Amino acid sequence: MEAARLLTRMGAETRIFDPRGLPLSDSVPADHPKVQELRGLSAWSEGQVWRSPERHGTITGVFKSQIDWIPLEVGAVRPTQGRSLAVMQVPGGSQSFNAVNALRVLGRWMRMVTIPNQSSVAKAYQEFDEAGRMRPSPYYERVVDVMEELMKFTLLLRDRTNYFTNRYSERREAAATTSEDPATAATTR
């Protein structure tokens, strides 16, 4: 919620997916309402914030299930390719970066542009007040920095995603059905 507040103040429109009720991947058809909600929000976004608690040294199964429901490809479209991504974790104990590292791997796998900055809020239970707002601290300042960087990368990528995600191998595959030379095919597909 704190990330959404910050992004809204910076001029972004934000939407949050609540995973409650999302079934395990492949346990129900993809037309399940929660799956459709998740996929719709992913398709709507230009940038995303992934945040997971660190549990047993990595991301939670609940978070991984969300990623597993987002396909790498739908027809000829890659739903997350070229979107900006910020990763954050909230360990209950000491400072760690295991979850953010796992999130970075997933972001690369989903062909997202993962920003260099990240946040890990150690002992998160101490960092929020009774209203659920983050207390002023270096952790809060880091979250602000991460959201600011996400905004910058998202704006840099806006209307340029096709340029950054255009690949020779995909042009070659498309050219196999036409007479185009994949090395010189337009990069605006």
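**A walk through a predicted model**

Gly132 sits in the loop between β3 and α5. The model you are looking at is predicted, and this glycine is our way in. Is Gly132 buried, partly exposed or exposed? Its relative accessibility is 34%, so Gly132 counts as partly exposed. Leaving out residues up to four places away in sequence, Gly132 touches Glu2 and Arg5. Now look for Asp26. Along the chain, Gly132 and Asp26 are 106 residues apart. In space, their C-alpha atoms are separated by 34 Å.

Step back to the whole chain. The protein chain has 189 residues, and 39% of them count as buried. Its C-alpha atoms fill a box of roughly 65 × 40 × 30 Å along the principal axes. Seven helices and three strands make up its list of elements. Read from the N terminus, their order is α-α-β-α-β-α-β-α-α-α. Now consider contacts between residues at least 6 apart in sequence. Of these, 69% join residues at least 24 apart.

Next, the surface and the charges. The protein chain exposes about 11200 Å². Carbon and sulfur atoms supply 54% of that area. There are 25 positive and 22 negative side chains. The centres of these two sets lie 2 Å apart.

Return to the loop of Gly132 and follow the chain into α5. Helix α5 covers residues 138–157, which is 20 residues. From its first C-alpha to its last, α5 reaches 29 Å. That is close to the 28 Å expected at 1.5 Å a residue. Which residues of α5 are buried? They are Val143, Val146, Met147, Leu150, Met151, Thr154 and Leu157. These residues cover an arc of only 140 degrees around the axis, so they lie on the same side of α5. The face turned away from that buried side carries exposed residues: Pro138, Glu141 and Leu156. What covers the buried residues? The cover for α5 includes α1 (2–9), β1, β2 (84–89), β3 (113–120) and α6 (161–165).

Just past this helix comes a residue with an unusual backbone angle. Most residues other than glycine have a negative phi. Asp159 is not a glycine, yet its phi is positive, near 65 degrees. Asp159 is found in the loop between α5 and α6. At 77% relative accessibility, Asp159 counts as exposed, because the cut-off for exposed is over 50%.

Go back along the chain to α4. This helix has 12 residues, which should span 16 Å at 1.5 Å a residue. Its end C-alpha atoms are 17 Å apart, which agrees. The buried residues of α4 are Ala99, Val100, Ala102, Leu103, Arg104, Leu106 and Gly107. They pack against β1, α3, β2 and β3.

Just after α4, Arg111 takes a positive phi of about 60 degrees. Arg111 is not a glycine either. Its place is the loop between α4 and β3. With a relative accessible area of 30%, Arg111 is partly exposed.

Arg111 also leads to another loop residue, Thr80. Where is Thr80? Thr80 lies in the loop between α3 and β2. Its relative accessibility is 2%, so Thr80 counts as buried. Which residues is Thr80 in contact with, leaving aside neighbours within four places in sequence? The contacts of Thr80 are Ser42, Gln48, Ile70, Met110, Arg111 and Met112.

The loop of Thr80 follows α3, so look at that helix next. Helix α3 runs over residues 61–69. Within α3, Phe63, Ser65, Gln66, Ile67 and Trp69 are buried. Their cover includes α2 (33–44), β1 (47–52) and α4 (98–109). Recall that α3 is one of the elements the buried residues of α4 pack against.

One stop remains, in α7. Helix α7 spans residues 168–175, and Tyr168 belongs to it. Tyr168 counts as partly exposed, because its relative accessibility is 45%. Compare its place with that of Ser52. The two are 116 residues apart along the chain. Their C-alpha atoms are separated by 34 Å.

Notes: Residues are numbered from 1 along each chain as its sequence is written. This is a predicted model: local features need pLDDT of at least 70, side-chain atom pairs count only at pLDDT 80 or more; totals for chains, interfaces and linings use all residues. Side-chain values use heavy atoms; hydrogens and water are left out. Buried means under 20% relative accessible area, exposed over 50%, partly exposed in between (1.4 Å probe, protein chains only). Helices (H or I, at least four residues) and strands (E, at least two) are DSSP runs, numbered from the N terminus. Contact means heavy atoms within 4.5 Å. Accessible areas come from the Shrake-Rupley method with a 1.4 Å probe; for residues, only the protein chains shown count as cover. Lys and Arg count as positive and Asp and Glu as negative; His and the chain ends are not counted. The place of a charge is taken as NZ of Lys, CZ of Arg, CG of Asp or CD of Glu. The expected span of a helix is 1.5 Å times one less than its number of residues. The arc is that of the directions from the helix axis to the C-beta atoms.
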